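The following exercises are to be worked with the sequence and the model at hand. Each task is followed by a solution in steps.

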Amino acid sequence: MPATILAVEDEPAILELIAVTLQRAGHDVLKAPDAETAQRMVREALPDLILVDWMLPGMSGVDLSRRLRSEERTRQIPIIMLTARGDEQSKVNGLESGADDYVTKPFSPRELVARIKAVLRRRSPQATEDVVEIKGLRIDPATHRVSAGGTILNLGPTEFRLLHFLMTHPERVHSRPQLLDQVWGDHVFVEERTVDVHIRRLRSALESTGHEVLVQTVRGSGYRFSEDMS
Ligand code: CA
């Protein structure tokens, strides 16, 4: 599944190189020339990962990273910092500010793609193409297929994304606004009852194999994907 990556870099040539490299690797890229623009974009929709240059005009990459880590809504977004070669102190500061990894400039496109893949695998399993199987229910993001035993289950695109998010984050309760953010990418303009509608559709798609019981309502809180039926 392609990840949405927000790249924050003030040098247009480098920003373009990043964008082309990541698009070629199958990702969707959002571009911001400074931290303030990046913050505005994150307020509208959460990206799967942020790649941020350490040296930016105005707010620095480190400060942006700290701010994202200090807010509940943005705390979990994986961050990779771009630093200058050989600047050990900036690497240390970058990691201390909450970045998950850093890449030194100049970087090779292959290295950048590999580091992003590694961080996504570690931090955002919903943005990878790994097959997930729980209680015989199997979801394959690469082929967009959901199956149980030999039965192929037919899900709409939203139900597919919803199930994928729930199965990659099992045993946790997700509120409606959190699901809107993570699955719809929009917690502002989409109504919360939209979530209920799609949960209902998802359950009915899973009914033929009895897996609808794994999609559970937690009264007053939201929804959870759980093997625990008690
Ligand atoms: Ca810069």
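A residue is called buried under 20% relative accessible area, exposed over 50%, and partly exposed in between (1.4 Å probe, protein chains only). Helices (H or I, at least four residues) and strands (E, at least two) are DSSP runs, numbered from the N terminus. This is a predicted model, in which local features need pLDDT of at least 70 and side-chain atom pairs count only at pLDDT 80 or more, while totals for chains, interfaces and linings use all residues. Residues are numbered from 1 along each chain as its sequence is written, and side-chain values use heavy atoms, with hydrogens and water left out.

**Exercise 1. Determine how many residues of strand 5 are buried, and how strand 5 pairs with strand 4.**

Step 1. Of the 5 residues of strand 5, 4 are buried, so the strand is largely enclosed by the rest of the structure.

Step 2. Two strands pair if DSSP finds at least two bridges between them. Strands 4 and 5 are joined by 5 bridges in the parallel sense.

Step 3. One of the bridges links Ile-80 to Asp-101 in strand 5.

**Exercise 2. Establish which residues of helix 1 are buried and what covers them.**

Step 1. Helix 1 comprises 13 residues (12-24) and reaches 18 Å from its first C-alpha to its last, close to the expected 18 Å. The expected span is 1.5 Å times one less than the number of residues.

Step 2. The buried residues are Ile-14, Leu-15, Ile-18, Ala-19, Thr-21 and Leu-22. Viewed down the axis of helix 1, they fall within an arc of 170° and therefore line one face; the arc is taken from the directions from the helix axis to the C-beta atoms.

Step 3. Pro-12, Ala-13 and Arg-24 are exposed on the face turned away from that buried side.

Step 4. The cover over the buried residues includes strand 1 (4-8), strand 2 (28-32), strand 3 (49-53) and helix 5 (109-123). Contact here means heavy atoms within 4.5 Å.

Step 5. Just after helix 1, Gly-26 has a positive phi of about 95°.

**Exercise 3. Describe the order of strands 6 to 9 and the packing of helix 6 on their sheet.**

Step 1. These 4 strands form an open sheet in the order 6-7-8-9, with antiparallel pairing.

Step 2. Strand 6 (132-134) and strand 9 (151-153) are the edges; each has a single partner strand, so one side of each lacks a neighbour in the sheet. From one strand to the next, the twist averages 25°.

Step 3. Helix 6 (residues 157-168) packs on the sheet and touches strands 6, 7 and 8, its direction making about 115° with that of strand 7. Axes are lines fitted to C-alpha atoms, for helices over the stretch in contact, and angles run from 0 to 180 degrees between N-to-C directions.

Step 4. Strand 7 (residues 137-140) and strand 8 (residues 145-148) share 4 bridges, and Ile-139 stands opposite Val-146 in strand 8.

**Exercise 4. Is His-198 buried or exposed, and which residue does its side chain meet in a polar contact?**

Step 1. His-198 lies in helix 8 (residues 193-206). Its relative accessibility is 11%, so His-198 counts as buried.

Step 2. The His-198 side chain makes a polar contact of 2.4 Å with the side chain of Glu-159. Such a contact is a pair of N or O atoms within 3.5 Å; within protein, one must be able to donate a hydrogen and the other to accept it, and residues adjacent in sequence count only if both atoms are side-chain atoms.

Step 3. Apart from neighbours within four places in sequence, His-198 is in contact with Thr-158, Glu-159, Leu-162 and Trp-184.
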